[in-house]
Amino acid sequence: MSATEDRPTTAPTTAPTTAAPAAGPPTTERPALRRVLAPMHIWALGVGIVLVGEFMGWNFAVEKGGMYGALVACWVVGLLYTCIVMINSEVTSAIPAAGGQYAQAKHTVGPLMAFNVGLYLTLAYTMLEAANANVLSSLLTALSGLLGSEQELSPYPFAVLAILALAFLNYRGVFASLTLNLVITGFAFATILVLFIGLRAWSPTAELDLAGLAGDATNALPYGWVGVIAAFQFGMWFYLGIEGTAQAAEECRSAPRSVPLGSLAGIMTLIIAASLTWFVCAGVLPWHYLGTAITPLFDAALVSGQDVLVVLLLLGTLCATLASANGCINDASRAWFSMGRDRYLPEWFGAVHPRYHTPFRAIVFLVPVAIAFALLPVVLDEPTLLSTVITFSILSGLLMYSFMGPSFMRFRKLWPLGTIRRAYTLPLHPAPAIALLALSAVVFFATFLGYGIALLSILAFYLLASIWFVVRRYKFVRRGAQFTADLPRPQGY
Amino acid sequence: MSTVAVVELVAWVLSGLLAIWLVSDMLRVGRQHDESTLVNAPDPLDDPPVAGDDAGVRSA
């Protein structure tokens, strides 16, 4: 690399640091994350991570609660995520830092909370990335079958290639990777709209049989309201990961504008996509089948008998899976990088690439972790391990959501309205924070019903990690890392 | 060699090339740059930041 590669893109630090070489210039120049993202990239990041949940996964809610149970879960959990997005939008517009919720927890609660949130974020996105790579290889196997191949493809090379290729893209720059996400996420969303139009779903009695397939108690609410509650954990699939938009705040040209715009547009897109997905699938597939299907939207296209729809939905599913994995690499690496930068983890991870301006070490470090989790279910021949990996991801996210409500109330207490500049102000405070807390408790209960042992195991894991942090790591944490945002001294300090 | 075997081989080769490039570039950057200049994290308690035009964190 030539010396000129660094010059135009480095930003001088606000002051020389003690770590700078003694013989160096008076103002050290350090590479910083590049501010290149616009609201559309934030939309692509948030929707890209999530949209795969429309193509697969959400339908297990039908098995738990029936057709209407899944619809109630879709909308109630949609309310939970709307609260999350609104809270995120306000806090991120005031604290636009890589690490998103980690940086927020650092400012509003304290180091232990921040460490846990950083860990939740990294693990949630890395596990989701692994699951996506695993699903991608299965989809390619299905595609080769459709193309007439009699030999089954091995899942190993394609899962590994998908993770490495996306990591390479993320390593080379955030603009290219999120522009790719914009294209493939837009395409995947368009395929849902095309399916809706192709099935003439505006006329439920034409191609769809909504009254017959979801019109009475035996298929609409087969297990009553307990089933509806149980369906909530899979309702999360419609939206899980939209909160990841906050991770890109430090790389936005104008974070106070881009994050609220991109995130709010994202949750609106997802609620529309989720409702359309439910409507089409519930009108085409019987609930017993839908509740266990692997790729429900693709199956709906198969039932239609239209080849164009089949091809489009297969490509849409592939694109959604790729977009999700790509967004997960972006978000997991930013969380890991931020913790390294503040010395919550070894500072080595907090490095920024001098040419590409990405957290390159965090990206590379998480590649083997993701590959291991992607291949483990295949190597051990334990397909159920994939659902365990996904459950770990969901529960990590859920743990974070449950802290966001109280954390936001504290944020408003520390910096009341009028004391700092906010590009977005959460309306009806504290109602959304209380709603988020209550809905998180309900989803926790629902998850406990389905995955009680997994939930307790994960809680034990985070407890041990917290003990490690307090006993072994906290002494290394950067002294001034708690309040790095350009905010006035909080109320009460 | 069947088509499937060829496709799988291509995937493995590409994966290998990408992995080698990622690791070698990461090591090269570490060798060519001083470690303290790669980490963008001055400690505000050691060095109080100067208020700039950009609201936000650090110099990023």
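**Group meeting: a predicted model of chains A and B**

Chain B has a mean pLDDT of 77, with 65% of its residues at 70 or more. Within chain B, residues 49-60 fall below 50, and that stretch has 32 contacts in the model beyond near neighbours in sequence. What I am showing today is a predicted model, and its scores are ipTM 0.86 and pTM 0.89.

Let me stay with chain B for a moment. It has 60 residues, and 25% of them are buried. In secondary structure, chain B has 2 helices and 0 strands. There is one annotation to mention here. An unreviewed UniProt entry lists residues 6-23 of chain B as "transmembrane region". In the model, residues 6-23 of chain B are 100% helix and 0% strand, and the C-alpha atoms at the two ends are 26 Å apart. The label comes from the record, while the helix content and the distance are computed from the model.

Now chain A. Its mean pLDDT is 88, and 94% of its residues reach 70 or more. The start of the chain needs a caution: over residues 1-27 of chain A the pLDDT stays under 50, and the model has 41 contacts for that stretch beyond four places in sequence.

Next, the nonpolar core. How many residues does the largest nonpolar core have? The count is 178, and the residues with the most contacts inside this core include A73(A), V77(A) and L436(A). Helix α3 of chain A, residues 60-94, gives the most to this core, with 20 residues. Take V77(A) as an example. Leaving aside neighbours within four places in sequence, what is V77(A) in contact with? The list is F232(A), G235(A), M236(A), F238(A), Y239(A) and V443(A).

On to two helices whose lengths can be checked. Helix α5 of chain A covers residues 111-146, which is 36 residues; at 1.5 Å a residue they should span 52 Å, and the end C-alpha atoms are 52 Å apart, so the two values agree. α5(A) is also mostly covered, with 26 of its 36 residues buried. Just after α5(A) comes G148(A), with a positive phi of about 100°.

The second is helix α16 of chain A, residues 384-414. Its 31 residues should span 45 Å at 1.5 Å a residue, and the distance between its end C-alpha atoms is 45 Å, so here too expectation and model agree. α16(A) does have a kink, of about 30°, at M404(A), shortly before the proline P406(A).

After α16 comes the loop that leads to α17 of chain A, and several residues to look at are there. One of them is R421(A), placed in this loop. Is R421(A) buried or exposed? R421(A) counts as exposed, because 10 Å around it takes in 11 other C-beta atoms, and the cut-off for exposed is 12 or fewer. The C-alpha atoms of R421(A) and V379(A) are separated by 52 Å, with their positions 42 residues apart along the chain.

In this loop we also find L428(A). Its phi is positive, about 60°, although L428(A) is not a glycine. With 10 other C-beta atoms within 10 Å, L428(A) is exposed. The loop also holds P430(A), and the peptide bond joining H429(A) and P430(A) is cis, with omega of about 10°. As background, most residues other than glycine have a negative phi, and most peptide bonds are trans.

A positive phi also turns up at R343(A), about 65°, and R343(A) is not a glycine either. R343(A) sits in the loop between α14 (307-341) and α15 (360-379) of chain A. Is R343(A) buried or exposed? It is buried, because 21 other C-beta atoms lie within 10 Å and the cut-off for buried is 20 or more.

Last, a residue inside helix α14 of chain A, namely R334(A). R334(A) has 34 C-beta neighbours inside 10 Å and therefore counts as buried. Which residues is R334(A) in contact with, leaving aside neighbours within four places in sequence? They are A98(A), G99(A), Q247(A) and P359(A). For A98(A), the C-alpha atom is 5.8 Å from that of R334(A), although the two are 236 residues apart along the chain.

That is the tour. When you look at the model yourselves, keep in mind residues 1-27 of chain A and residues 49-60 of chain B, where the pLDDT is under 50.

Note on methods:
Residues are numbered from 1 along each chain as its sequence is written. Chains are lettered from A and ligands numbered from 1 in the order in which they are written. This is a predicted model: local features need pLDDT of at least 70, side-chain atom pairs count only at pLDDT 80 or more; totals for chains, interfaces and linings use all residues. UniProt positions are given in the numbering used here, feature names are shortened, and annotations may be inferred rather than shown by experiment. Helices (H or I, at least four residues) and strands (E, at least two) are DSSP runs, numbered from the N terminus. A nonpolar core is a set of buried Ala, Val, Leu, Ile, Met, Phe, Trp, Tyr and Cys residues joined through C-beta atoms within 7 Å. Two residues are in contact if their C-beta atoms, placed from the backbone, lie within 7 Å. The expected span of a helix is 1.5 Å times one less than its number of residues. The bend at a residue is the angle between axes fitted to the seven residues ending there and the seven starting there. pLDDT is the predictor's confidence in each residue, from 0 to 100.
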